[in-house]
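User: I would like to go through a protein model with you, taking its strands, helix, loops and surface in turn. Please give the reasoning behind each answer.

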Amino acid sequence: MNALPATTEVAIVGAGPTGLTLACTLAAKRISFVLLDRLAEGANTSRAAVVHARTLEVLEELQVTDRLRAQGHVVPRFTIRDHDHLLATIPFDGLRTRYPYTLMIPQNVTEAILLDRLRELGGDVARPYALQDLRQSADGVSISVAADGEPARTIRARYVVGADGMHSAVRERAGIAFTGDSYEESFVLADVRMEWPLSRDEVMLFFSPEGLVLVAPLPGVRHRIVATADDAPEHPSLDDVQQLLDTRGPSGGVTRIHEVAWSSRFRVHHRLADRYRAGRILLAGDAAHVHSPAGGQGMNTGIQDAVSLGHALAAVLGGSADEKSLDDYERTRRPIASRVVAITDRMTRVATLRTRLSRSVRNTLINLLGRIPAAVGAFATEIAGLRNRTIAEGATKMVRAAL
């Protein structure tokens, strides 16, 4: 159990990728903070497994991009198929970035790399502390936190950031609404070791009347499987995942799963916080926005939130920007999240069409669009997170100019 300070500039609740990135950003700028997490140790499951080009760009300043690349698996293209029929290929190698690819890397590895960097910068995570209460005044926020079996402790911070996920205690106690809904379908997630007849240079999305299945290569010999499922156990078995691939993936029974390293079933929501700021309380990552896993945008959007918010807080706390400039964080990042929520929602609904006519029309349109270079390039740019680079860089330059 880590010692807690009585006072700090920033209290960050939640030590997932978003919280760790924010802590690294503040530590690099020598802003005092405390990073709290309710778990006794970081999760050891892969969960989010995609890091896109824009995220690799924004993490350069924290000196972790090369470390991620060294431990990840580079995938240069994305394909859409209906069983064995190739509908479209989306290459990333034409993107205007130093990272023209998708990087597959398990979330627990990403978190370990960020934590190592945080410790190099002199920081760490205080565990296991759960938020009990928070009260803000004109000049700060008092938060009450407690570990199991221990009396509550109070920390006084100038600002509090909720990076504590979809069920954010910070957002709830700040009274910020989380507007949206959930999908009817459940999703299955599994990391497997299997015989796979197709390329490891592609992330493949398969359509079928039974639903979708996505297959993505992970570092080493494993693959990530994502599929819709109307009815699945909490932890799908090898036979459950095998059936998904047999009925939705390549035909001919050529895929054989040998091991399920980890699996889970989850419901997917599409929600957006009405505000990212309530006085001295701010939100980032899944506490501010959640959406379909389509396109692998969730963790990436949260990491980019964290770097943007870190810059804004450093400017205010360093005395080079007025507190009102924190509103620029919401004005910049919330429209980006709103767009991600809308686009991933459309992608999910298109991918889960069930009637024969609607699936036929969808497949025909995707096949036609896949032959138009401009359409393919626009989709690749969107997935890679590069469409919003101009907006984000413009905001960053404004903050840095004030420093």
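User: How many bridges join β10 to strand β11?

Analyst: This is a predicted model, in which local features need pLDDT of at least 70 and side-chain atom pairs count only at pLDDT 80 or more, while totals for chains, interfaces and linings use all residues. Residues are numbered from 1 along each chain as its sequence is written, and side-chain values use heavy atoms, with hydrogens and water left out. Strands (E, at least two residues) and helices (H or I, at least four) are DSSP runs numbered from the N terminus, and two strands pair if DSSP finds at least two bridges between them. β10 and β11 (residues 153-162) run antiparallel, S142 stands opposite R156 in β11, and the number of bridges joining the two strands is 5.

User: Which residue takes a positive phi in the hairpin of β10 and β11?

Analyst: This hairpin has 6 residues between its strands, whereas the hairpin of β9 and β10 has 2 residues between them. The residue with a positive phi, near 75°, in the hairpin of β10 and β11 is G149.

User: How many of the residues of β10 are buried?

Analyst: Buried means under 20% relative accessible area, exposed over 50%, and partly exposed in between, with a 1.4 Å probe and protein chains only. Strand β10 (residues 140-146) is joined to β9 by 7 bridges in an antiparallel run, with A130 opposite A146 in β10. β10 is mostly covered, and the buried count among its 7 residues is 6.

User: Which strands stand at the edges of the open sheet that contains β7?

Analyst: The sheet has 3 strands in the order β3-β7-β4, and the pairing is antiparallel. Each edge strand has a single partner strand, so one side of each is left without a neighbour in the sheet, and these strands are β3 (50-51) and β4 (73-75).

User: What is the distance between the end C-alpha atoms of helix α7?

Analyst: The expected span of a helix is 1.5 Å times one less than its number of residues. For the 20 residues of α7 (residues 298-317), which is mostly covered with 19 of them buried, the expected span is 28 Å. The end C-alpha atoms agree with this, as the distance between them is 28 Å.

User: Is R30 buried or exposed?

Analyst: R30 lies in the loop between α1 (17-28) and β2 (33-36), and its phi is positive, about 60°, although R30 is not a glycine. Most residues other than glycine have a negative phi, and most peptide bonds are trans. Because its relative accessibility is 80%, R30 counts as exposed.

User: Which peptide bond is cis, with omega near -20°?

Analyst: The proline of this bond, P128, lies in the loop between β8 (125-126) and β9 (130-137). The cis peptide bond is the one from R127 to P128.

User: What accessible area do L357, V361, L365, L368, L369 and I372 have together?

Analyst: Patches are made of residues with over 30% relative accessible area and no salt bridge (a side-chain nitrogen of Lys or Arg within 4 Å of a carboxyl oxygen of Asp or Glu), joining like charges within 9 Å and nonpolar side chains (Val, Leu, Ile, Met, Phe, Trp, Tyr) within 5 Å. I372 lies in the loop between α9 (356-369) and α10 (373-383), and I372 counts as partly exposed because its relative accessibility is 41%. Using the Shrake-Rupley method with a 1.4 Å probe, where only the protein chains shown count as cover for residues, the accessible area of this nonpolar surface patch is about 570 Å².
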